[in-house]
Amino acid sequence: MEAAVPIAESKSNHGGDCCKSGPGYATPLLAMSGPREKLIYVAAIYTGTEQEKPDYLATVDVDPNSSTYSSVIHRLSMPFIGDELHHSGWNSCSSCYKDPSCERRYLILPSLLSGRIYVVDTKTDPREPSLHRVVEPAEVLEKTGLAYPHQPHCLASGDVLVSCLGDKDGNAEGSGFLLLDSEFNIKGRWDKEGHSPLFGYDFWYQPRHQTMISSSWGAPAAFAKGFDLKDVSDGLYGKHLHVYSWPEGELKQILDLGDTGLLPLEVRFLHDPTKAIGFAGCALSSTIVRFFKNEDETWSHEVAISVKPLRVENWMLPEMPGLITDFLISMDDRFLYFSNWLQGDIRQYNIEDPENPVLTGQLHVGGLVQKGSHVLALGEEGETFQFDVPEIKGQRMRGGPQMFQLSLDGKRLYVTNSLFSVWDKQFYPELVEKGSHMLQIDVDTDKGGLSINHDFFVDFGSEPDGPALAHEMRYPGGDCTSDIWV
């Protein structure tokens, strides 16, 4: 197994001609004035469904002036069956802004279960992207011992860093970080020997504070077979944030979030690269945790937002958590949005004061307690109730809100509803049978507030090869969950 490989210094012309630029934008605020999105790429999954078909990358038209608005206009099928496409990232982003030799051309698509990493060319024809390269799991395993690749992030050096969640047997002890060069060759592990995270999942780096922080889902051997609460008590799921030195890859501190931070998934710093503040969404405890740097250069954390569980009838447990599965922060660091996959609502918080988030918008777009469901919620006096969830284009909402992507200007929030095929089948069998859908939520960026765009509805249940599960989304021009500023 190769030793950890240091991240190369940024290319020499990073400090060069101010009149030239690479991909992305010079600052997050400048990104907000970028052009409106016209296309969005969506990971569409057949793995774990009744369709024996390969997963694919769907290109969705999101231009309201287009004749194919709100529809899938292209499908790039992967060459294999059983991948489970999940998260994605770009080969270059705003971290390479000062390097005119870089371009945001390739979308990196790791396969969570098979371990393959697909590299997709989106530049030759953005409306019909093509497969550029496949990084084979056997080579990754041989050179690094890593498996279950999850989240890629581009680096200012031109390299790509990918979090991996376990070893070949699904043990969390094998988690770590894979480093690819700009041609997608394997350089080795980024984390130094003996500095692997307890569990792997997401990560975000803040170079001006020489820090990377990663989160922790669980052991692949546990989550890949479906969710079992006993696995949590048996220690097969995470409750930690890992603080690494950047770019050296030394594990400096482990933040134990305890019972108020179970299953921390997405982790985001504020976009402002001068700020040493970020948030993590903790699924099972249904909390948003704020982390921050202290004067002595150590890091601390506290619960910033907490979603109360619902007392319910006709469900597997007497109480239902919100299950915060995704969240993001607007480019101007004003608003934080998160999804409650089980309870079925999207929430918007003003975080201009990060220590005191204020709820400014809430919208139910699915969930287990919507009207017409067999699950009932119990009020304080013992009365039962369910949430009103509107139909869109005559379609009843299936599943619950899950993955997000926000427009650069912060005014449109796109939402898909698949979490992970095995968990979809366990909690929302109808989602696997009838397929996902994609919504657009209009955002009030002045006073706050959320409303459904009834003209936009992409039904992945009516795909040519049968119902598919829609997961993460990316714009060709970058977005607030992939771009990092240095």
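By residue class, the lining of the second largest cavity comprises four nonpolar, five polar and one charged residues. I should state at once that this is a predicted model. The residues in question are Val-365, Arg-398, Gly-399, Gly-400, Pro-401, Val-415, Thr-416, Asn-417, His-437 and Leu-439. Arg-398 is the charged one, since Asp, Glu, Lys and Arg form that class. The volume of this second largest cavity is about 30 Å³.

How many cavities of 30 Å³ or more are there? The count comes to two.

Let me turn to the largest cavity, which holds about 70 Å³ of space. Its lining divides into nine nonpolar and two polar residues, with no charged residue. His-86, Tyr-201, Trp-217, Leu-263, Leu-265 and Ala-283 contribute to that lining, together with Leu-323, Thr-325, Leu-419, Phe-420 and Trp-423. The two polar members are His-86 and Thr-325, because neither His nor Thr belongs to the nonpolar or the charged class.

I move next to the second largest pocket, where the space amounts to about 340 Å³. Which residues come closest to its centre? Of the 22 lining residues, they are Leu-284, Leu-317, Glu-319, Met-320 and Pro-321. Two elements, β21 (319–320) and α5 (421–427), each give two or more residues to the lining of this pocket. In terms of class, the pocket lining has 15 nonpolar, four polar and three charged residues. Glu-319, one of the residues closest to the centre, is counted as charged under the classes used here.

To close, I return to the two cavities: the lining of the largest contains no charged residues, whereas that of the second largest contains one.

Methods:
Residues numbered from 1 in each chain as written. Predicted model: local features only at pLDDT ≥ 70, side-chain atom pairs only at ≥ 80, totals over all residues. Heavy atoms only, no water. 1 Å grid on protein atoms, 1.4 Å probe; cavity = no way out; pocket = protein on both sides within 12 Å on 5 of 7 lines; lining within 4 Å. Points joined across faces, edges and corners; volume = space filled by probe spheres on them. Helix = DSSP H or I, 4+ residues; strand = E, 2+ residues; numbered from the N terminus.
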